[in-house]
Amino acid sequence: MRMTNMTEGKTTVEFDDAIVRMFMLASVFWGAVGMLVGVIIAAMMNFHQLHFNLEWLSFGRLRPLHTNASIFAFVGNMMFAGIYYSTQRLCKCRLASDRLSRIHFWGWQTIIVLAAITLPLGLSRGMEYAELIWPINILVVLIWVVFAINFFWTLAVRNEPTLYVALWFYIATIVTVAMLYIVNHLQIPTSLTHSYPIFAGVQGALVQWWYGHNAVAFFLTTPILGIMYYFLPKAAGRPVYSYRLSVVHFWSLVFIYIWAGPHHLLNTALPHWLQMLGVLFSLMLWAPSWGGMLNGLLTLRGAWHKLRYDPVLKFFAAGVTFYGMATFEGPLLSIRAVNALAHYTDWIIGHVHSGTLGWNSLMAAGMFYWMAPRLWKTKLYSVQLANIHFWISLVGILLYIAAMWVSGITQGVMLNSRAEGGTVLAYTQFVETLTAIRPAMGLRVIGGGLFLLGWLIMGYNLYRTIKGAPAVNGTMEVYERDRSDTLAIEGTINTRRTFLNAPVLYTVTGIVSLSLWMFGGDLISLLGLLGSVFIVLGAVVHFKAAGAHWNDWYEQLIGNWIPFTALTFIAAAIGGAFQIIPTVTIYRATNLEDRVQVPYTPLELAGRDIYIAEGCYTCHSQMIRTLTSDVLRYGDYSRLGESIYDYPFQWGSKRTGPDLAREGGLRGDDWHFIHMIDPRATSEGSNMPAYPWLATKTAPLDALPARIRVQRFLGVPYPEWSPEEIREMALEQAEEIVARLEAAGHYARADSQMVALIAYLQKLGASESRTMAANEPD
């Protein structure tokens, strides 16, 4: 990296590596916890007895604990360790504030502990990767702001003029995760532990998967790519293969990734134009993703022989390879025909774990093995144990992914199979598919168990490495930049120069032209296509003629973190704004044709909140896709308006049990009662846990006035009932259900959670027909 305009004197910088050690050890611990919970809930798929009829051990409560522990506790701590270690060395200065670093660490661990307590207690928002209740959400935002201040403050006082490529990815992570998290967690509290999101139905689905997909992109991908760009060249002793490729990789990934969220909602009630937009940008992701993978692997040119004896490079090479595999599979799964087979099945689970285990975990292990000897000034205790860890983990993840491929494809084929000329289902009972995939689900437990064993071996190896070794902080002798010199360098690119330049103008006009091509009428679409072609050709010709000027502009840009961050945020925000704003403003109950959801009664609303608290959405969807097999199995396909009052939406992403969108009225109250007490009594072969506590625990009837008041504020057409009226209506409906249960020989209290949940299940699918006045005959 170039050094310019330095003062004559040198200074020795001592890095704050204590905070790196803290985050690293936390990541090792929480990684083991997250993986252990994952193995337990995987085993529950075959052995329902492992729930022990305890509510805090039910699958629906432990699954969010597993995902949050794996993402935010394990990968989060690993990411912070890698960022803090590399940023200090890339900026050639100590972190700006030791105090902020400690607040960051202890605040993040507090969040993790609160999540570990609240999720098993059933305190959940019912949205994937966003289950934490609102007080914890606020704490997450505050700690993220602390992290951001510390990071950008460090950039401001750095002694290295140029921002290295790893820092670009860290910047993208910080600003984009903040945007995603805040928007998706906009909510109105009803109590200290409960709230409703401001988005419902299709709006909630789009915003959730804009967040959910890009949480993977900007929490599990971009920071780890930054770590790859720093640690892989260090470990290999080789420079990054292509700087130009890293530039293309960064900007194309940041811009394209954010648009791809709708591919999680294909063949659903999501408007068709949004589905196609998600497919298009998902397929485009192949290019930047594989560009990054190749840039990483080709960095090893001339160093491949080191893989024979260096476990660090083994982990890095395998991790980058799994990144390539996962980012090939993702766009493949976004193709509508493939998605129709794979969605709601274990194939998606295998895809997610090829990323978290194959990419995140292997990169984490490689980074830890590389950092530990340097952070404690010692040698790795056992290279042989590290190699054993690598091979056990590799075998484990391959078994896991293969099992999920077999399970997912088998279940998808069975659920979509039809007979007699396509008029009837070949497999009428959902539980038949569970019986068929039990061997694959068992193999998943073995694969996950092996991976956990490898992680524990690493933990032991690191423990023996650092035991008795002195913890040391790294130092670097640097030329200290004069602050007036810093201001002069960072002032070389102003606002006009940042935005009014050829690369940015070509990009903006290209986006406008492409939008006209995709969404305009016949003539406008043609003009947009022609405009896009001319803009691309003009950009290529201009670059060939004046490439040096473009390069000078970019060198100035990466010398100033403020305009760079602004452009990064804009590139990431465009896609979300383009998708979410029309959806939120247009798709409202007053604008919908066909069917509109009937609001829940007070008792049904209480039952729905219980359904969410128990995590039933982790196994059941409420969205019948526009596929013949779905319609034959579950009834007429779901309409956009049928979930318009669902705060939060419950379309689901995995079917371990059947879809419930039209469950209301299909079975008697007594069937649901028995099914909750002993699922095998009504569905032989089911792996659903029993819920006996529902019959004894009291439903949250006293909380209903506050909850209905918030629902009214959000647009649900409830009358202005008094608290007494709300309770009276709830108990009146409950007594009717109790009477029907007693007639069938079962007993339940009117104010029990069981009765409220039955009321909710019996309401599912209720809607009223609506036709726009403009379409009615005179």
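A polar contact is a pair of N or O atoms within 3.5 Å; within protein, one atom must be able to donate a hydrogen and the other to accept it. In this predicted model, such a contact, of 2.5 Å, links the side chain of Asp16 to that of Arg102.

**Surroundings of Asp16**

Asp16 lies in the loop that separates β1 (10-14) from α1 (18-44). The residue is classed as buried because its relative accessibility is 1%, and buried means under 20%. Leaving aside residues up to four places away in sequence, the contacts of Asp16 are Gln88, Arg94, Leu95, Asp98, Ser101, Arg102 and Asn473. Arg102 therefore appears both in this contact list and as the polar partner at 2.5 Å, the latter being a pair of N or O atoms.

**Nonpolar cores**

The largest nonpolar core comprises 211 residues, and the members that touch the most others are Trp108, Phe368, Met371 and Trp455. Not counting residues up to four places away in sequence, Met371 touches Val20, Met24, Ala81, Tyr85 and Phe231. Another core, of 16 residues, lies apart from the largest one; Ile41, Leu62, Leu434 and Ala661 are among its members.

**Confidence**

The average pLDDT of the chain is 91, and 95% of the residues score at least 70. Two stretches with low values are listed below, with their contacts beyond near neighbours in sequence.

| Stretch | pLDDT | Contacts in the model |
|---|---|---|
| Residues 1-7 | below 50 | 23 contacts |
| Residues 772-778 | below 50 | 6 contacts |

How values were computed. Residues are numbered from 1 along each chain as its sequence is written. This is a predicted model: local features need pLDDT of at least 70, side-chain atom pairs count only at pLDDT 80 or more; totals for chains, interfaces and linings use all residues. Side-chain values use heavy atoms; hydrogens and water are left out. Helices (H or I, at least four residues) and strands (E, at least two) are DSSP runs, numbered from the N terminus. Buried means under 20% relative accessible area, exposed over 50%, partly exposed in between (1.4 Å probe, protein chains only). Contact means heavy atoms within 4.5 Å. pLDDT is the predictor's confidence in each residue, from 0 to 100. A nonpolar core is a set of buried Ala, Val, Leu, Ile, Met, Phe, Trp, Tyr and Cys residues joined through side-chain atoms within 4.5 Å.
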